[in-house]
Amino acid sequence: MIAYLIRRLLIGIPVLLGVTVINFFIINLAPGSPADLFLSPTATPEDVARTEAELGLNKPIFVQYVNWLTQLLHGNLGVSFQNREPVTQLIGDRIGPTLLLMGTSLVVAYLVAIPIGIIAARRRNTVVDYGVVGASFLGISVPHFFLGLAMIYVFALTLGWFPTGGMLTLGRGGGFADRLSHLVLPVVVLATAIAANMVRYVRSSMIDAFGQDYIRTAKAKGLGTSVITNKHALRNALIPVVTVIGVDLSALIGGAIVTEQIFQWPGIGLLTIQSIGARDYAVLMGINLIAAVAVFAANLLTDIAYAVVDPRVAYA
Amino acid sequence: MTDPLLQVRNLKRYYPIRKGVIARTVGHVRAVDDVSFDVYPGETLGIVGESGCGKSTTGRAVVRLEAPTAGSVVYDGTDIAGLSTAKMRRLRTELQMVFQDPYSSLNPQIRIGELLAEPLIAHKRLDRTAAHAKAAEMLETVGLPKLYLNRYPHELSGGQRQRVGIARALMLEPKLIVCDEPVSALDVSIQAQVLNLLKDLQGEFGLTYVFISHGLGAIKYISDRIVVMYLGKVMETATTAEIFAQPKHPYTEILLDAYPEPDPRLRDRQRIIVEGDVPSPANPPKGCVFHTRCPYTKDICRTESPPLADGVACHFPLEAAGR
Amino acid sequence: MHKRVEPEAGRSSARLMLRRFLKHRMAVAGLVVVVLMVLMAALAPVLAPHNPNQIFDKFEASPSSEHLLGTDSVGRDVLSRLIYGARVSMSVGVGAVVVYVVIGVLLGLLAGYYGRWVDQVIMRITDVFMSFPYFMVILILVSVLGPSLLTIIVVIGVLAWPMIGRLVRGSVLSIKQTDYVQAAVALGYRTPRILFRHILPNALSPIIVNATFGVAQAIILESGLSFLGMGVRPPAASWGNMLSEAQSITVLSSQPWIWIPPGLMILLAVLAINFVGDGLRDSMESRS
């Protein structure tokens, strides 16, 4: 097991390096010199050359990469082209709201999905089950932005129950209730897809688990349905569920970008959209790298969690 | 005597056992450990032994589906153990294989006719039309009607599929065919038919067989000479008549003893009881590999491995009179 | 595996699969919807009442007999744009998936068949690609390369192959052990013949299922990108960019005919394709 862990971590090193390389070169695909973006349109060619030298942009791309990587290892992601603020600080300012949004959505999704999945599995092929499966198909098929717009249309504009966007009402201090009411709609939007996916996993792995020999043994021993569900089936059924968490982070970030844009939620997603609008590649490179490292870590944790829950994996 | 068609010398096939962070090799499974034998043109050499004795690995090494760890496999003067992939591909037309499980040896997505014609097309021997004509001809040679050409493998029975497997092996007109337990997956009533077919084809096409089996029944019926294997090593090698008349190795004796005697008058002879399981080839016993189960084990057997001499690898070969 | 095939199964497995698929009611319904949408995309010039880019003098007009779904904020006919939008969605869906299936299948075959360092290298590359949150990378790449239909297809195609790659690799690992592949090696076939004729056809079911879901994913991605202004650019009509008008509160609250129809079209298309994928999975993977 320990050998597996160490090997898994060692394999991660070249992967992380690959992540930095790709990230760096994506940004360098952009036409024009970043120095152009730094300067006003009236800048002379000399100004451009000076700024390029300042930023190290006149060196070969490989050297630029190594310099960038060295800076990266010192925790320096560079400065924004737009306002020369350090990228780390820009991201730091925005990460809180994003984590709040994603974390709440994840918790809500799991709290909803696991019980519903179990109920559907236990009432397999009944109206309840069909309803759950149908709803989950709708949930995975509806784009975040359409659901978000529909939510705003119904619950904010028509019914007036929740605000249309933002994180708090300006000028009213933003107490807990105020923040909570701003959180509801984006969380519903973001949690829908996760929950819809999760319900299907929980349902099918519970159905699988119910069919296993050890569940039949438990039934034969005369154990009650809830004991069987909770003690025997659930534990094994959650193995595949564990892996979905890792895969979800990538989808979650994608969903958060769109959701933040629709609800004007001041997080990383909104920062991404704003930076794209301003062609601020320094910020984009930083965001992309941090997001990739997070997904990488989540994938790694998923693998390890899988190995812990199902020891057979570590020996494969 | 003529030169052997195939000479296997000191063939070894070890599988590494890897462990730890950097997948260090901590040991080897000695699937085949120093095996030598000859096969002469036109004969059938039987290789017999329990499952896990390395007989299948040996057979697969002969057609280079396994790369030997050490040793040589000389076919018709060429050592194929170290041959380049391109040169081997050309030689493969002369060395074919019939597989054990007819349910998995035929690609389920391809019709029988195409399966049989494909070797000729792939090696550019014939064009499509001619190759399909040859396929139809071969199908009849192995005793199946032409209408099966358009069927998929799953539409055939096990015995019929094995006939297709044999026909496919014959398409390239090979000289040597390794038959890896070709009848053991079949119903007993079908086994004899397929064995007879193999015998007939041998006469018709002048084939040489290496016939691998875990049961002595098929081996006795089809083989001219027999190699007995145990834990990756050759225990005994002799002609079929000699082995059945007078086994020299205690292991051969036990195998013969387990072979059901069709003659009821001979059935009440003394049975030899073998104890214990076959040891793991990852950790074979020291000395003679058979000493842990041999009824005649002496001290020397536990320390020294007997070489193969006069067709038997035993410190105390059985005498003509028995013990 | 050793089970005899029942005599009534004396037909090809494709037909069996079709029978199982047809029993899946939602999948059949989904397939009907998909076919209708493809027809709509193909016959857009015939079906659309107006030129999708023609600007009428009454903009933001509510539905009327002349403009069944009203007009948008520039004065273009919403229904016509909706019909033309199917072209974008269908071509991105199919185009992107074709690109990544080809890449994924090739790399998966190589990794699974050759093993050793080839496998190691390809698998580490898939790890790298799977570390990027795909929507964000696609968004950034499209903005770097300049948004267009072709860019979207290429970017999704180049980024989304690792799932297929892993899937194919897994299948190849088990298929290359089978006796029929060993037989193909023993018969002296060249590697391409073994890979594409003996291994790939037997690894096809999960690829088809995955690709079907992939089409739905790609449609969602395109509409999301277009919604954010990073996809198909106006005046070309895409369901996603039609929705982006609803980012204005006025459109959102008082002109629902502008944004609800394209939203429902995306939902309907994705839902239908997902049902088809589900039906395919059930009918293909329950093979014993």
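Q: Is the crossing of α4(C) and α11(C) left-handed or right-handed?
A: Helix α4(C) crosses α11(C) in a right-handed way (near helix turned clockwise from the far one by less than a right angle; anticlockwise would be left-handed). Helices here are DSSP runs of H or I with at least four residues, strands are E runs of at least two, and both are numbered from the N terminus.

Q: What sort of model is this, and how are residues numbered?
A: The model is predicted: local features need pLDDT of at least 70, side-chain atom pairs need 80 or more, and totals for chains, interfaces and linings use all residues. Residues count from 1 along each chain as its sequence is written, chains are lettered from A and ligands numbered from 1 in the order written, and side-chain values use heavy atoms, without hydrogens or water.

Q: Back to that pair. What angle do α4(C) and α11(C) make?
A: Roughly 135 degrees, with the axes of α4 (78-114) and α11 (204-227) of chain C coming within 8 Å. Axes are lines fitted to C-alpha atoms over the stretch in contact, and angles run from 0 to 180 degrees between N-to-C directions. That angle makes α4(C) oblique to α11(C) (under 35 degrees is roughly parallel, over 145 roughly antiparallel, 65 to 115 roughly perpendicular, the rest oblique).

Q: Which residues of α11(C) make the contact?
A: C:I207, C:N210, C:A211, C:G214, C:V215, C:A218, C:I219 and C:E222. They meet α4(C) residues including C:V88, C:V92, C:G93 and C:Y100. Contact means heavy atoms within 4.5 Å.

Q: How many of the contact residues are nonpolar?
A: The contact has 13 nonpolar, four polar and one charged. Asp, Glu, Lys and Arg count as charged, Ala, Val, Leu, Ile, Met, Phe, Trp, Tyr, Cys and Pro as nonpolar, and the others, Gly among them, as polar.

Q: How many helices and strands are in chain C?
A: There are 14 helices and zero strands. The C-alpha atoms of chain C fill a box of roughly 75 × 50 × 30 Å along the principal axes.

Q: What about α11(A) and α6(C), at what angle do they cross?
A: Roughly 10 degrees, and the axes of α11 (268-277) of chain A and α6 (134-145) of chain C come within 10 Å. The two helices are therefore roughly parallel. A:T272, A:I273 and A:I276 touch C:M136, C:L139, C:I140 and C:S143. That contact has five nonpolar, two polar and no charged residues.

Q: And inside chain A, how do α6(A) and α8(A) pack?
A: At about 140 degrees, with axes 8 Å apart, for α6 (127-141) and α8 (176-211). They are therefore oblique to each other. The crossing is left-handed. Among the contact residues are A:D129 and A:F137 of α6(A), and A:R200 and A:R203 of α8(A). The split is seven nonpolar, four polar and three charged.

Q: New topic. How many cavities are there?
A: Two of 30 Å³ or more, over the whole structure. A cavity is a set of points on a 1 Å grid over the protein atoms alone, where a 1.4 Å probe fits but cannot get out; lining residues have an atom within 4 Å of a point. Points join across faces, edges and corners, and a volume is the space filled by probe spheres on them.

Q: How much space is in the largest?
A: About 100 Å³. It has 14 lining residues, and B:P250, B:C288, B:C294, B:C301 and B:C314 are the closest to its centre. The lining has nine nonpolar, four polar and one charged.

Q: Which helix gives the most to the second largest?
A: α5(B), with four residues. That cavity holds about 60 Å³. Each supplying at least two lining residues are β6 (95-98) and α5 (158-170) of chain B, and α9 (179-186) of chain C.

Terms used
1 Å grid on protein atoms, 1.4 Å probe; cavity = no way out; pocket = protein on both sides within 12 Å on 5 of 7 lines; lining within 4 Å.
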